[in-house]
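Trainee: I should like to work through this structure with you, one question at a time. May we begin once it is on display?

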Amino acid sequence: MQIEEQYIKRCLDLALLGAGTVSPNPMVGAVIVYKDEIIGEGYTSPYGGAHAEVNAINNAIAFYGESEAKILFKQSTVYVSLEPCAHHGKTPPCADMLVAYQFKKVVIGCLDPFAKVNGLGVQRLKDAGIEIVLGVLEKECQFINRRFFTRISQFRPYVILKWAETKDGFFARLDNVQKWISNEASKQLVHQWRSEEDAILVGTRTALVDNPALTNRLWSGKSPKRVLIDKNLEVSTNSNLFLAKDSDLIIFNALKTDWNKHLKYIQLENFDLYLPQNILYQLYLMDVQSIIIEGGAKTIKQFVEAGLWDEARVFVGNENWSEGIQSPKLPVREIKSTLVGDNELKTFFKD
């Protein structure tokens, strides 16, 4: 089991290389081992491209040549962090490919909860006489794909709350003047997070006071879809949110629906009724797998009170303000605390 865990850990490391590019697919890593030596490895390509198993096989073929690789495969074990798919999507079933190459054994981290795969990939391999080991580092494999699992099981994106607060627990000033709490290293880390998630959301007050663009400027990678809650369309079309065209801007409002290139207005009936639920379901229908809720305090509080959050990342700065808008309160204790420069980063998980 120890050697199996070692190779599955390698699969997890590879899987994470697909962060920010594979959604709404899961992040998957695959390793091919022949006589205790890795002969091929790969991870899921950007959405619509080859899956991890295909890339691992092609990696081995590129090195050994197709004829030699086919001989090695028959005595090799494939390690993969998620169950091989068993259906035709944008690519053919990976389980069928593993059968065709006559691999000796497949070690799988966890099952895929998607209805067209769940257990079917494993069964297809078993029916072909391939030895199966299932559930190696299962919790770790499920954790890295918590976004995918949430979308499949709860029909909504995975929700990450993010904010910065002072040492004495204040979120923003009372006078509608922007004042930074987090340091430069924390800002850069936030931009890395943006590159890894599908969307980022703010409310009207944050858009008016901070005038953010919500693009990814301090890190490489894509900018997320920007989401604005603006019931009465108070935010000017000359604001940074509208002027930036790096990605879609989705405006949930009570007045109109209109899609024009990167601008997407979505009117919600009974706007104030089940607002977080309606927003997340609309985003789910748009294939948004994960979202960062960045503010303001009222917006974050709505999602917390609705129980619609999964993870929270809270920066604690060095200042005490004595007054201001109180930071949101979470009904759970922090899971871990780390330092980002001279800021403390607290991480919370709902369950």
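Trainee: In this predicted model, which residue of β5 stands opposite V106?

Mentor: β4 and strand β5 (residues 131-134) run parallel and are joined by four bridges. Within this pairing, the residue that stands opposite V106 is I132.

Trainee: What is the handedness of the β-α-β crossover from β4 to β5?

Mentor: Between β4 and β5 the chain passes through helix α5 (residues 120-127). With the strands pointing away from the viewer, a path over the helix that runs clockwise defines the right-handed case. The crossover here is right-handed.

Trainee: Strand β4 also takes part in a salt bridge. With which residue does K105 form a salt bridge, and how many residues apart in sequence are the parts that the pair ties together?

Mentor: The side chain of K105 meets that of E4 in a salt bridge, at 3.4 Å from N to O. E4 lies in helix α1 (residues 2-15) and K105 in strand β4 (residues 105-110), so the pair ties together parts whose separation in sequence is 101 residues. Both residues are buried. The partner of K105 is thus E4, and the separation is 101 residues.

Trainee: How far apart are the closest N and O atoms in the salt bridge of E197 with R147?

Mentor: E197 lies in the loop between α8 (184-196) and β8 (199-203), and R147 in helix α7 (residues 146-154), so this salt bridge ties together parts 50 residues apart in sequence. Both E197 and R147 are buried. The distance between their closest N and O atoms is 2.8 Å.

Trainee: Which strands hold E294 and K162?

Mentor: E294 and K162 form a salt bridge, with the closest N and O atoms 3.8 Å apart. Each of these two residues is buried. The pair ties together parts 132 residues apart in sequence, because E294 and K162 lie respectively in β13 (residues 290-295) and β6 (residues 158-165).

Trainee: Which residues are linked with R146 in a network of salt bridges, and how many salt bridges does the whole structure hold?

Mentor: The network links R146 with E311 and R313. A search of the whole structure gives a total of 18 salt bridges.

Trainee: Let us turn to helix α2. What span should its 13 residues have?

Mentor: Helix α2 covers residues 52-64, and the rise is 1.5 Å a residue. The expected span takes one less than the number of residues. The end C-alpha atoms are 18 Å apart, which agrees with the expected value of 18 Å.

Trainee: Which elements do the buried residues of α2 pack against?

Mentor: The buried residues of α2 are A52, E53, A56, I57, A60 and I61. An α-helix has 3.6 residues a turn, so residues three or four places apart point the same way. The elements against which the buried residues of α2 pack are β1 (29-34), β2 (37-43), α3 (66-73), β3 (77-82) and α4 (94-100).

Trainee: Is A60 buried or exposed, and which residues is A60 in contact with beyond its neighbours within four places in sequence?

Mentor: A60 lies in helix α2. Its relative accessibility is 0%, and buried means under 20%, so A60 counts as buried. Leaving aside neighbours within four places in sequence, the contacts of A60 are I39, G40, G65, A69 and F73.

Trainee: Which residue follows α2 with a positive phi, and what is the phi of L137, which is not a glycine?

Mentor: The residue that follows α2 is G65, with phi near 90°. L137 is found in the loop between β5 and α6 (138-144), and L137 is buried because its relative accessible area is 13%. The phi of L137 is about 55°.

Trainee: Where is the cis peptide bond with omega near 10°?

Mentor: P24 has its place in the loop between α1 and β1. The cis bond in question, with omega near 10°, runs from S23 to P24.

Trainee: Finally, what is the radius of gyration of the protein?

Mentor: The protein has 12 helices and 17 strands. For 351 residues the globule rule gives 20 Å, and the computed value is close to this, so the protein is as compact as a globular protein of that length. The radius of gyration is 23 Å.

Note on methods. Residues are numbered from 1 along each chain as its sequence is written. This is a predicted model: local features need pLDDT of at least 70, side-chain atom pairs count only at pLDDT 80 or more; totals for chains, interfaces and linings use all residues. Side-chain values use heavy atoms; hydrogens and water are left out. A salt bridge is a side-chain nitrogen of Lys or Arg within 4 Å of a carboxyl oxygen of Asp or Glu. Helices (H or I, at least four residues) and strands (E, at least two) are DSSP runs, numbered from the N terminus. Buried means under 20% relative accessible area, exposed over 50%, partly exposed in between (1.4 Å probe, protein chains only). Contact means heavy atoms within 4.5 Å. Two strands pair if DSSP finds at least two bridges between them. The radius of gyration is taken over C-alpha atoms; the globule rule is 2.2 Å times the number of residues to the power 0.38.
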